[in-house]
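The exercises below are meant to be worked with the sequence and the model side by side. Try each task before reading its solution.

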Amino acid sequence: MLQSHAEKLILNHRSGSDPPDPGKSKEAEIKRINKELANIRSKFKGDKALDGYSKKKYVCKLLFIFLLGHDIDFGHMEAVNLLSSNKYTEKQIGYLFISVLVNSNSDLISLINNAIKNDLSSRNPTFMNLALHCIANVGSREMAEAFAAEVPRILVAGDTMDSVKQSAALCLLRLNRTSPDLVLMGEWTARVVHLLNDQHLGVVTAATSLITTLAQKSPEDFKTSVSLAVARLSRIVSSASTDLQDYTYYFVAAPWLSVKLLRLLQCYPPPEDGAIRGRLTECLETILNKAQEPPKSKKVQHSNAKNAVLFEAISLIIHHDSEPTLLVRACNQLGQFLQHRETNLRYLALESMCTLASSEFSHEAVKTHIETVINALKSERDVSVRQRAVDLLYAMCDRSNAKQIVAEMLSYLETADYSIREEIVLKVAILAEKYAVDYTWYVDTILNLIRFAGDYVSDEVWYRVIQIVINRDEVQGYAAKTVFEALQAPACHENLVKVGGYILGEFGNLIAGDSRSSPLIQFDLLHSKFHLCSVPTRALLLSAYIKFINLFPEVKGTIQEVLRSDSQLRNADVELQQRAVEYLRLSSIASTDILATVLEEMPPFPERESSILAKLKRKKGPGNLHPDLDENRKERSANGGTANHSSTTSNAKVAASPTPSTDLLGLGSTITTQNSAPPASKGASLLVDVFSENIAAFPVETPVAVGPVADENFSSFLPNNPQVAYANATLPTAEEPEDKFVCKNNGVLYENQLLQIGLKSEFRQNLGRMYVFFGNKTSTQFMNFAASVVCQDNLQAQLNVHAKPADPTVDGGAQLQQILNIECMSDFVDAPVLNIQFRYGGTLQNVAVKLPITLNKFFQPTEMTSQDFFQRWKQLGAPQQEVQKIFKAKHSMDTEVTKAKIMGFGAALLDGVDPNPSNFVGAGVIHTKTTQVGCLLRLEPNTQAQMYRLTLRTSRDTVSQRLCDLLSEQF
């Protein structure tokens with residue numbers, strides 16, 4: 001009807017046998033439309049009242065003209081008047097016009113809402129459906145405010161027709177997406193869940209979509225839906241295709257409803273009730289069995305529907321990760337799809353197997369398909385499928401097949417698509433490091449990476465190989481020999497020159513005994529590349545030359561001539577000129593001993609997890625990186641239950657989540673000047689640092705060593721540059737207690753599917769500063785972002801927290817930093833709350849999380865002699881000053897870990913004070929603005945009984961009790 005009324009407007013000028021001129025045709029159309037608009041306007045303003053049919057006809061024409069791309073600025077009131085008509089066609093056109101042309105800020109909204117209310121209360125199912133469709137199509141906040149309470153009542157009313165229930169459920173789903181804070185189910189929750197038992201499958205399908213969305217927001221409120229969903233799913237999968245004729249699609253019973261039920265079940269862990277769990281297992285087994293049956297139709301619609309249910313069932317099996325038999329069967333089923341002629345099925349199979357590889361139950365089953373995956377990598381025509389094959393090889397890699405997989409990836413790298421080369425380079429670098437039993441193999445692998453794809457080897461990769469070589473004496477000579485041979489190629493990539501300059505500058509002496517690699521030959525080889533390199537690489541080579549003067553005094557004159565040349569001393573680049581001048585002067589005036597001290601070998605780098613994984617996650621983007629398999633699980637699979645890690649093996653654990661999530665707080669967070677060396681720093685604490693190549697937010701004591709670009713190391717430790725990378729941080733799950741932050745100041749505080757919150761902080765006396773990093777894990781911008789700190793009740797007088805304002809927007813895949821300044825006024829117990837609010841896709845999100853600001857953060861260590869300690873111990877002998885607690889050990893009673901925790905708690909660990917060497921004694925002072933409280937502690941472990949006795953004495957009883965409560969939870 002819409003077309004029949006309006007097509008007449010533009011057909012008049014299109015008649016004729018010859019093709020019309022596009023320009024003239026467009027002009028004629030505009031002329032005809034303007035004439036028609038003038039006619040419609042005159043009809044609406046005329047003295048003669050229009051009947052319903054005429055009004056509908058003209059409103060329909062306006063709607064068609066708008067859909068052709070022309071602006072419409074009148075006719076809205078006439079469309080609203082059509083809503084009061086009792087004729088379906090007139091009311092339909094009115095609602096259609098309003099859904100398309102009326103915006104949420106219109107002055108007519110109140111009139112429209114009144115008309116919708118009248119239709120909803122009319123009990124006419126046709127009119128009710130039109131009204132509900134209009135609410136859903138407009139979906140404005142004003143409509144949500146007007147009807148959020150009315151629509152649930154219609155949905156659960158006993159006399160509501162099935163078609164209206166379907167519309168009400170979908171309308172409520174739309175309102176929940178646009179204004180979730182206004183859609184509060186409350187008393188309707190149980191009755192909405194009960195819709196899963198409705199006899200009409202259309203109602204069940206619509207209700208399942210609604211419940212799935214609501215369950216993601218409030219899982220506890222809708223957990224009763226699990227048993228009903230399992231029961232309904234069981235009835236569907238056990239039925240014949242003839243039982244549900246109206247909802248059977250090409251011999252597959254209710255495929256859309258089955259998929260929705262399976263997605264709903266993925267919002268929850270496996271059912272605790274044995275009967276429900278067994279019934280669900282039977283359903284999943286039946287779906288897997290049906291996948292093995294011969295197809296009942298050769299049409300593609302049949303296979304699509306059948307596979308849609310199968311893949312969703314496999315997703316549920318992976319999500320539960322609790323049934324080894326189902327996981328292995330799912331893997332075998334996916335393996336059959338790896339060689340399917342349909343490209344989409346091969347892609348989905350590879351993608352699902354990537355996730356299956358992260359389960360300890362199915363990892364071995366996934367590995368059996370390694371040859372098929374390698375063949376897909378070599379022969380697949382679709383680049384997206386090849387990329388998934390690379391992902392799967394990365395996921396299935398462990399110590400038993402690492403060399404084979406790395407070799408295949410390197411082989412493929414030479415012919416790989418340019419769009420995925422950088423990602424392959426990063427994955428090869430990660431795998432080579434993680435599974436390097438022989439570090440000579442690791443060095444060879446990285447050098448091959450640089451040869452095959454040097455342009456795609458990021459700074460993180462060559463930084464890492466230098467760190468590992470410096471930290472391992474056994475590989476230094478081999479690395480020097482290998483890079484020396486690699487540099488002899490006529491054309492070397494600049495990254496290879498960087499690695500060669502650094503390693504030969506440090507360890508060239510280890511191969512200088514061979515006449516083929518004498519000091520002069522090494523220098524000539526490096527210097528032959530000098531003029532072909534960029535300025536940062538030349539700066540690195542100059543630093544290598546000054547190192548050569550210390551290692552090989554016989555080449556001092558040759559190197560000084562190079563430094564003294566006009567091309568260096570008068571170089572247009574100030575960095576090169578300064579290095580040449582300073583290095584020449586240093587080599588001329590410094591004695592041999594001073595030169596040896598200043599130019600000594602670089603100290604070992606702190607053993608930290610690799611930052612390359614952060615680079616890979618930045619490359620993959622939000623939601624595309626499969627969860628990394630926990631290293632211990634892989635090692636149990638590969639080594640029969642034992643895990644044998646080298647000290648640099650990355651052991652990053654990823655918190656379980658219903659869908660693969662990406663840790664984005666590492667995005668752009670590690671700032672390095674171009675070509676700067678990896679920073680060397682002394683860990684200020686014995687605690688394990690969860691950060692990957694972190695840049696300190698406060699000045700850190702750093703060993704000074706002049707090496708290749710050593711002066712650039714200091715740029716990472718500026719007080720005003722508080723950036724931090726959380727690429728491999730161990731993520732706290734929802735069950736992890738807050739006291740995990742009692743003995744550490746850095747880590748990931750909170751994470752869900754949208755947001756990740758990381759912290760880095762430092763405290764001095766009664767003052768502290770905390771850097772809070774908000775990471776947007778999605779590709780959609782957060783709007784109206786606001787974060788505030790709330791101190792409840794008495795805490796306002798005890799703790800002063802000032803939060804600097806944060807930017808109101810957070811781009812997709814980016815992170816936002818907020819600084820909190822903290823002042824302890826007096827001792828306290830409670831923790832402040834960080835409230836975060838933002839809009840995501842039009843939906844208001846609220847997150848509240850306690851900040852890990854505890855009393856011990858203001859604990860400053862105090863060194864004491866044995867005599868002073870016991871004298872002070874006796875002075876604090878009053879009963880109210882001592883708190884003692886005997887408790888069972890929760891963790892392994894490791895001596896070094898215990899020491900680290902006491903020092904991380906803030907106390908000075910006093911060795912040799914306690915007569916019993918197994919006991920631990922500490923001392924410190926709690927600083928507040930009003931007072932200082934001296935604290936002494938004694939921890940007595942009983943390894944046989946796996947018990948501890950903790951005694952704390954302070955000058956204030958409340959402090960003693962609070963510190964005792966905090967510290968006892970750490971053991």
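**Exercise 1.** In which loop is the place of Phe251?

*Solution.* In this predicted model, Phe251 sits in the loop that runs between strand S1 (248-249) and strand S2 (252-253). The next step is its backbone, where phi is near 70°, a positive value in a residue other than glycine. Most residues other than glycine have a negative phi. The last step is accessibility: with a relative accessible area of 44%, Phe251 falls between the 20% and 50% cut-offs and is therefore partly exposed.

**Exercise 2.** Find the loop that holds Arg123 and describe its phi and its accessibility.

*Solution.* Arg123 belongs to the loop between helix H7 (109-120) and helix H8 (125-138). Its phi is near 65°, again a positive value in a residue that is not glycine. The relative accessibility of Arg123 is 36%, so the residue counts as partly exposed.

**Exercise 3.** Decide whether the end-to-end distance of helix H13 agrees with its number of residues, and then whether the helix is enclosed or not.

*Solution.* Helix H13 covers residues 201-217, which is 17 residues. The expected span is 1.5 Å times one less than the number of residues, which gives 24 Å for H13. The C-alpha atoms at its ends are 25 Å apart, and this agrees with the expectation. For the second part, 15 of the 17 residues of H13 are buried, so the helix is largely enclosed by the rest of the structure.

**Exercise 4.** Starting from Glu312, work out how helices H15 and H17 are arranged.

*Solution.* Glu312 lies in helix H17 (residues 300-320), and its relative accessible area of 11% is under the 20% cut-off, so Glu312 is buried. Leaving aside residues up to four places away in sequence, Glu312 touches Val259, Leu262, Arg263 and Gln266. The axis of H17 comes within 9 Å of that of helix H15 (residues 255-265), and the two cross at roughly 10°. Because angles under 35 degrees count as roughly parallel, H15 and H17 are roughly parallel to each other. On the H15 side the contact includes Val259, Leu262 and Arg263, while the H17 side includes Glu312 together with Ala308 and Val309. Sorted by class, this contact has nine nonpolar, three polar and two charged residues.

**Exercise 5.** Describe the geometry of the pair H28 and H30, and the make-up of their contact.

*Solution.* The axes of helix H28 (residues 494-507) and helix H30 (residues 535-551) come within 8 Å and cross at roughly 20°. That angle makes H28 roughly parallel to H30, and the crossing is left-handed. Among the residues that meet are Val497, Gly501 and Leu504 in H28, and Leu540, Ala544 and Phe548 in H30. The residues of the contact divide into eight nonpolar, three polar and four charged.

**Exercise 6.** Is Gln339 buried or exposed, and what separation in space does it have from Val373?

*Solution.* Gln339 is found in the loop between helix H18 (324-337) and helix H19 (343-356). Its relative accessible area is 63%, so Gln339 is exposed. Although Gln339 and Val373 are 34 residues apart along the chain, their C-alpha atoms are separated by 9.4 Å. For the chain overall, among contacts between residues at least 6 apart in sequence, 71% join residues at least 24 apart.

Terms used
Residues numbered from 1 in each chain as written. Predicted model: local features only at pLDDT ≥ 70, side-chain atom pairs only at ≥ 80, totals over all residues. Heavy atoms only, no water. Helix = DSSP H or I, 4+ residues; strand = E, 2+ residues; numbered from the N terminus. Buried < 20%, exposed > 50% of the residue type's maximum accessible area, 1.4 Å probe, protein only. Axes fitted to C-alpha atoms, helices over the stretch in contact; angles between N-to-C directions. Parallel < 35°, antiparallel > 145°, perpendicular 65-115°, else oblique. Left-handed = near helix turned anticlockwise from the far one by under 90°. Contact = heavy atoms within 4.5 Å. Nonpolar A, V, L, I, M, F, W, Y, C, P; charged D, E, K, R; others polar.
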